[in-house]
Amino acid sequence: MKVSKLSLISIITFLALTLVFSISSKAQDSSAVQPQAVEATSAEAGAVEPAHEEKLNAGKLIMEHIADSHGWHLWGQTSIPLPVIVYNNQRGLTVFSSARFEHGHKAYEGYLLNEAGKIEAVNELGEVEAHTATVNKDITAATYDISITKNVFSIFITIAILLLIFTSVAKRYTNKRKGMAPTGLQNAVESIIIFMRDDVIKASIGEKNYEKYLPYLLTLFFFIWTNNVLGLIPVFPGGANVTGNISVALVLAVLTFIITLVSGKKYYWQHVFAMPGVPKGVLLLLTPIEILGVFLRPFVLMIRLFANITAGHIIALSFFCLIFIFGQETLYGTGGGLGVSPLSIVFTVFMGFLELLVAFLQAYVFTLLSAIYIGAAVEEHHHEEHH
Amino acid sequence: MELVKPDFGLVFWMTVSFLIVVFILRKFAWGPILTSLKERENSINDALNSAKKAKEEVSNMKAENERILQEARNERDKMLKDARDTKDAIVNEARTKAQVEGDRIVTIARETIQNEKLAAIAELKNQVATLSIEIAEKVIRQQLAGDDKQKALVNDLLKDVKLN
């Protein structure tokens, strides 16, 4: 009884806080939304000073939020410029702050930021107005952009958090508290580690081989989870859509794929190329499917993580965009926006809780499936009777 | 389609940093944590096992005590039974011996009585014979008190002799 009462109070407090916050930040947000929309259109038109009201483009806004960018937008006109690092065979390595682009208005050191937020090479090496510069397609194609983008920066933050938490927890096991009952953070972390180790990794890979894969799988789980949770926080240092970015999901899936391939034993390959106990004719059909499956599994792993997290971001942003869509002068005006906001907030809070669950669930599922794939690869020849 | 197009820079940084994190955490976090977890689990298991063993030992001891007690009880019962048997045997033997002795005494007594009786009878016979002789002497003396009577007797005797 007491617990449920407490949680009820905390939920109500959270709702109230969200309401207050959303109302107070409404002004900021609308000012944050509009300049972006303005910039985007002004870049197209080449106009620098748009004073008139722009129509809100929710789709574009949301896509910009979930995409990677070269600066970390904080509020209003304020954003953290991130380092741009580009490499080109002809021009060498170029490093400068993304603030030099002046939100895409200027080209710098022969590069400019296009509308999609991508870096393109231009012919003029000096600082010129972006709209007068000509893009050099050949050099652009041979240019490698390894800038510290918002997502890369977010990954660094995640890594810092992971290192901080786990090295400090690890110290508890080696210093004078060694061998004593766990306390505090150590307790929380330990229970998750034990859960992952015993119920996920050991159960999927098997008693004999699981220990070798623990570091990778545990890091994978905590990395995805931390990133997912950070992505749910709307303000800096959160809000980046890292795990919902196809590149990040791709890297994780490829790592699992490589580990699966490298640790695949004879029994595994035998089952892929020539399933024992299956007639030759059927093998002709089965083997291509099995080979396809080897590639399909990590692919699905990637898509699942990417789609789930991106969808979560899109939904949360959509509910907030509703407020501003209804608040447009052409629709219902400020009253409309205020009227819709409670509904939006209720839905966003609900989605927030759901996303909190999804954040854990996707990390768990990714790790579980990785463990199952590795488990299938290292499986020994021991249950003949199944075939 | 920008959304599903992997970005070279992000793939690069992600791969590099993730691998570094895996290696750092393996060395400085997972290694110590997992090792100590295992050690702790082992020590808990050991403690539980030894507790179980101690419990077993105690119960074994209890069983042993019970067994010894039972043995002692059996021993006592056996001793009591032996004693009773011995007593019975002694009593029986004594009784038998007494019986035999009694019988023997009775037999001897009977024999003695028989002998005494025979002796008495023989004595009596002698006495009777003596008495008879004395009586006969006295009768004869009476009968031979006169000469004539002696002559008559001699005659009689002579008659008999003649006859023989």
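Helix H5 of chain A has its buried residues covered by, among others, helix H4 (150-174), helix H6 (210-232) and H10 of chain A, along with H1 of chain B. The model is a predicted one, in which local features need pLDDT of at least 70 and side-chain atom pairs count only at pLDDT 80 or more, while totals for chains, interfaces and linings use all residues; side-chain values rest on heavy atoms, with hydrogens and water left out. Residues are numbered from 1 along each chain as its sequence is written, and chains are lettered from A, with ligands numbered from 1, in the order in which they are written.

The buried set of H5(A) consists of A:Gln186, A:Val189, A:Glu190, A:Ile193, A:Met196, A:Arg197, A:Val200, A:Ile201, A:Ser204 and A:Ile205. Here, buried stands for under 20% relative accessible area, exposed for over 50%, and partly exposed for anything in between (1.4 Å probe, protein chains only). Contact, the basis for the covering elements, means heavy atoms within 4.5 Å. Helices (H or I, at least four residues) and strands (E, at least two) are DSSP runs, numbered from the N terminus. An α-helix has 3.6 residues a turn, so residues three or four places apart point the same way.

As for its length, H5(A) has 22 residues (184-205), which should span 32 Å at 1.5 Å a residue, and its end C-alpha atoms sit 30 Å apart, in agreement. The expected span is 1.5 Å times one less than the number of residues in the helix. H5(A) does bend, by about 35 degrees, at A:Arg197; the bend at a residue is the angle between axes fitted to the seven residues ending there and the seven starting there. A:Arg197 also belongs to the buried set of this helix. Right after H5(A) comes A:Gly206, with a positive phi near 105 degrees.

Turning to the partner chain, H1(B) runs over 136 residues (8-143), with an expected span of 202 Å and end C-alpha atoms 190 Å apart, again in agreement. H1(B) has a kink of about 55 degrees centred on B:Arg26. B:Ser17 sits in this helix and is buried at 7% relative accessible area. Its side chain reaches back to the backbone oxygen of B:Trp13 at 2.4 Å. Setting aside neighbours within four places in sequence, B:Ser17 contacts A:Ile155, A:Phe156 and A:Ile159.

Over the whole interface, 34 residues of chain B touch 51 residues of chain A. The two chains bury about 3600 Å² between them, with 79% of it on carbon and sulfur atoms. B:Leu10, B:Phe18 and B:Trp30 supply 19% of what chain B buries against chain A, more than any other three residues. Buried area is the accessible area (1.4 Å probe) that two parts lose on being put together, summed over both.

Chain A itself holds ten helices and nine strands, and 43% of its 387 residues are buried. Among its contacts with a separation of 6 or more, 62% are between residues 24 or more positions apart. An automatic or database assignment sets the domain bounds, giving domain 1 (2-47), domain 2 (72-148) and domain 3 (151-378). Domains 2 and 3 of chain A have C-alpha centres 32 Å apart, and their contact takes six residues from domain 2 and nine from domain 3. About 540 Å² is buried between these two domains, 89% of it from carbon and sulfur atoms.

H10(A), one of the elements covering H5(A), spans residues 333-378 and includes A:Gln362. A:Gln362 is buried, at 7% relative accessible area, and its side chain makes a polar contact of 3.4 Å with that of A:Asn308. A polar contact is a pair of N or O atoms within 3.5 Å; within protein, one must be able to donate a hydrogen and the other to accept it, and residues adjacent in sequence count only if both atoms are side-chain atoms. Beyond neighbours within four places, A:Gln362 also touches residues including A:Asn228, A:Arg304 and A:Leu305.

Two residues of helix H9 round out the picture. A:Gly312, in H9 (residues 280-326), is buried at 5% relative accessibility, whereas A:Leu322 in H9(A) is partly exposed at 31%. A:Leu322 touches A:Val340 and A:Ser344, not counting residues up to four places away in sequence.
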